Amino acid sequence: MPWRDLLAVLVGGAVGTALRLGIDTLLPHGDADFPVSTLAINTLGAFILGLLVGRVWPVVPGWL
């Protein structure tokens with residue numbers, strides 16, 4: 001895996017983790033409750049990734 005791809009995965013993982021922690025802090029839930037914060041960040045992340053792939057990147061990288 002080229003360094004650029006590895007860097008993209010690392011940055012994406014770090015941003016996703018930070019966003020999940022931030023939303024979980026804003027929308028706390030107990031162990032028995034439904035994790036709304038996890039659903040929200042996963043939905044937002046999927047939307048942003050789809051937006052990046054579909055609209056922002058002029059050429060989709062080959063590894064996708």
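1. Let me start with Gly16, which sits in helix 1. In this predicted model, Gly16 has a relative accessibility of 27%, so it counts as partly exposed, given that this class lies between the buried limit of 20% and the exposed limit of 50%.

2. Gly16 is also a handy marker for the meeting of the two helices. Its C-alpha atom is 7.8 Å from that of Ile41, although their positions lie 25 residues apart in the numbering. Both residues belong to the contact set: from helix 1 come Gly16, Leu19, Arg20, Ile23 and Asp24, and from helix 2 come Ser37, Thr38, Ile41 and Asn42.

3. A second glycine is worth a look here. Gly22 is likewise part of helix 1, and its relative accessibility of 32% makes it partly exposed. From Gly22 to Ile41 the C-alpha separation is 9.6 Å, with the two residues 19 apart in sequence.

4. How do the helices pass each other? A pair of packed helices is described by the distance between the axes and the angle between them. For helix 1 and helix 2, the latter spanning residues 36-56, the axes come within 9 Å and cross at roughly 140°. The crossing of helix 1 past helix 2 is right-handed.

5. Now to the surface of helix 1. Trp3, Leu7, Val11, Val15 and Leu19 make up a nonpolar surface patch, and together they offer about 520 Å² of accessible area. Leu19 deserves a second mention, as it is listed among the helix 1 residues that meet helix 2.

6. Trp3 is a member of that patch and lies in helix 1, which covers residues 3-26. Its relative accessible area is 68%, so Trp3 is exposed, the cut-off for that class being over 50%.

7. Finally, the overall picture, which I would keep beside the local details. The protein has two helices and zero strands. Of its 64 residues, 6% count as buried. About 5,300 Å² of the protein is exposed, and 73% of that area comes from carbon and sulfur atoms.

Key. Residues are numbered from 1 along each chain as its sequence is written. This is a predicted model: local features need pLDDT of at least 70, side-chain atom pairs count only at pLDDT 80 or more; totals for chains, interfaces and linings use all residues. Side-chain values use heavy atoms; hydrogens and water are left out. Patches are made of residues with over 30% relative accessible area and no salt bridge: like charges are joined within 9 Å, nonpolar side chains (Val, Leu, Ile, Met, Phe, Trp, Tyr) within 5 Å. Accessible areas come from the Shrake-Rupley method with a 1.4 Å probe; for residues, only the protein chains shown count as cover. A salt bridge is a side-chain nitrogen of Lys or Arg within 4 Å of a carboxyl oxygen of Asp or Glu. Helices (H or I, at least four residues) and strands (E, at least two) are DSSP runs, numbered from the N terminus. Buried means under 20% relative accessible area, exposed over 50%, partly exposed in between (1.4 Å probe, protein chains only). Axes are lines fitted to C-alpha atoms, for helices over the stretch in contact, and angles run from 0 to 180 degrees between N-to-C directions. A crossing is left-handed if the near helix is turned anticlockwise from the far one by less than a right angle, and right-handed if clockwise. Contact means heavy atoms within 4.5 Å.
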